[in-house]
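Work through the exercises below with the sequence and the model at hand. Each task is followed by a worked solution.

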Amino acid sequence: MSKKKPALYLIPIILAMTVIPLIVRLYSFNSGLGQFSWYPETSMVEDKQDFFLYYKSVAITVLAVIMCAILVWRYIKKKKAFKWGYELAPVLAYAVLTFFSSVFSQYRYFSFHGVAEMFESVWVLLGYCVILFYSYELINTIEDVDFVMRWLTVGLAVMLVIGVMQAFGKDPFTFMAVKKLIVDSKYWNDLDSFSIIFEQGRVFLTLYNPNYVASYFALMIPVEIALLIKNKNWIYRVIYLVMIAASLLCLLASGNRSGIVAFVATIALAIIMLFKHMLKAWKVVIPAAAAAAVIFAVFLSRNNIIIQKFIRLFNMPEKTPYPISKIVTGDEEVVITYMQQEFHVSYDIDDAGNINVSIMDADKQMINSTLDGETFTYAIQDARFPDFAVQVVNLEDEIAINVKADYRDWYFQKRDGSYYYYNVYGRWDKVNNAPHVAENFLSQTFEARGDIWSKTIPLLKNCLIFGYGADTFTMAYPQDDYVDKAYKGSQAFIDAKPHCYYLQVAVQSGLPALLAVLILYVWYFATSFQLYWKAGYENGLEIVGAGLMFATFAYLVSSIANDSTVGVSPIHWAMLGIGIAINEIIKKQKVSQEPEVILAGEKCQTEPVKKQVNSSGEKPKTEPVKKQVNTSEQKSKKQAAKPGRKKRK
């Protein structure tokens, strides 16, 4: 096969790892979420805008189709049989479970079209699996690896230019020329209204959110270090040193703690595996560690966002129970649980138009109150419910009641035979008192993420076989837990992601799918650890293979607190496929280099020697063969002896 053909086949892998993460383009759309009462109702055709996710998701889907077409073409026309590694079985299981979770989903439309803030439809998730398989199939030589890594470096260099500019307060997305590139010309007169910048000095690259910067550099920094070690040319080494320094700067400037934790965990793993090699290369390791420490120190002295986050993490106050723990909007009444005491309220309108309000406790005893006739307010005279009041109000030209409880207004109305709550979006909805798991521990340890995990884990009981469907976390999550939202001040906030890749997989694709993903990762890391534990790292494949192992390990650590995203996941899945392919190449090389050894005491199987007869019919004359045995001493003497001509006498 010529050198050009494999390079052409590798272009889709390069596009997945370098071009797709850089795509930024305005997309205006209707979210479709207006059908849910916990979301604002709108009559607008386009109620949302996206810059960083939608067109990446489209590119992933199209690229996956192209990859499939190339694989089929190679199989049919070129007679290239597919490779198959046991590591691919969990990938196939994950793909099948994800597809059927989406087919049977209650929110099938969103599974197949994607949801705002994510756009990881079932086609995108299946596209990730295709990217892994394609990378595994097409990476067969060190030349293939070098070709992909060169272009990965180019893509990283572009990202670093953007990231360094953002870190120093010169975000390219604030430039008018850049805005014209990423929005349609019909919006050019309103470019000032487009603002996609985070706080000044915060790095988010082209990945939509600073959280994803941690996932991106978790993959990139270990690979950069591997390429630095692999390339002996001092020019390349200087380039990679500069890129590693810039990557650390961008990682710190993203303000994401999970990236720092992943980086530290990966260093610990590297020390365990490569301690002997580090001792031999101490002249390089010590200056590199010192340089990294200087970068950390200089950045933190000027920007303490990371320090503040870690300090807050270890000084979180213990969460105290909310005074109002539950509100039940039943058919006959509204029940508010305040400090473990139940407050029952209901109303009815008689034929004469009179409004009768009933206020009772858990024992169905009337609670004392005084009525203000001018404001139609019942002031509660009971020590169990301090500062409580019930007011009859006219809301949207309809009668409703406002229960003033714990210094908050709670509006309720009886509609269609049941009571409903009037939420911040001006929509009537039932109150969902979502179950929580380990709420105090999770919220105290992981802050807002812990709160989300606390309410996400109970969803897993519905995911024993299939999940809710691809990209359906927004709908599966209890967005209508209005009591919790009121106390957190997040009434107008929609939780679109779990901030944990593993919970994301479990909820959307099901627990068996999560098990398949975990088996894939454990299998890959066990194989890699065994392979690189005693490696000599004398060739480029071993160095890059180990770098990919550390990269995917760092990514999975950061994924404990980060989600899968269309900006970074294609790189991760491609690296995983390349890593599996490199492992197989190295194992085959080692097997081919192992000499055949006959153990002492074993009989050598021989074929019987047939008698040879010449053309005349006579048996050929043969000389008896003397047994020659070379001891180690005799062998060394022969090697030491120098051949030469005998002198003539």
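On a 1 Å grid over the protein atoms alone, a pocket is an open set of points where a 1.4 Å probe fits, with protein on both sides within 12 Å along at least five of seven lines; lining residues have an atom within 4 Å of a point. Grid points are joined across faces, edges and corners, and a volume is the space filled by probe spheres set on the points. This is a predicted model: local features need pLDDT of at least 70, side-chain atom pairs count only at pLDDT 80 or more, and totals for chains, interfaces and linings use all residues. Residues are numbered from 1 along each chain as its sequence is written, and side-chain values use heavy atoms, with hydrogens and water left out.

**Exercise 1.** Describe the second largest pocket and its lining.

Step 1. The volume of the second largest pocket is about 1200 Å³.
Step 2. Its lining has 49 residues, with Asn211, Ala448, Arg449, Ile452 and His499 closest to the centre.
Step 3. Two or more lining residues come from each of H8, H10, helix H12 (305-314), helix H13 (439-456), helix H15 (482-488) and H18. Helices (H or I, at least four residues) and strands (E, at least two) are DSSP runs, numbered from the N terminus.
Step 4. H13 contributes the most, eight residues.
Step 5. Sorted by class, the lining holds 22 nonpolar, eleven polar and 16 charged residues. Here Ala, Val, Leu, Ile, Met, Phe, Trp, Tyr, Cys and Pro count as nonpolar, Asp, Glu, Lys and Arg as charged, and the others, Gly among them, as polar.

**Exercise 2.** Do the same for the largest pocket.

Step 1. The largest pocket has a volume of about 1400 Å³.
Step 2. Of its 40 lining residues, Ile225, Ile229, Met278, Val285 and Ala288 lie nearest the centre.
Step 3. The helices giving two or more residues to this lining are H8 (210-230), H9 (234-253), H10 (257-280), H11 (282-302) and H18 (540-558).
Step 4. H10 supplies the largest share, nine residues.
Step 5. The lining of the largest pocket comprises 33 nonpolar, five polar and two charged residues.

**Exercise 3.** Place Gln391 and list its contacts.

Step 1. Gln391 is part of strand E9 (residues 389-395).
Step 2. Its side chain reaches the backbone oxygen of Thr375 at 3.2 Å.
Step 3. Beyond neighbours within four places in sequence, Gln391 is in contact (heavy atoms within 4.5 Å) with Thr375, Phe376, Thr377, Ala400, Ile401, Asn402 and Lys404.

**Exercise 4.** How many disulfides does the whole structure have?

Step 1. The criterion is a pair of cysteine sulfur atoms within 2.5 Å.
Step 2. The search finds zero disulfides.

Key:
Polar contact = N/O pair within 3.5 Å; in protein donor to acceptor, adjacent residues only side chain to side chain.
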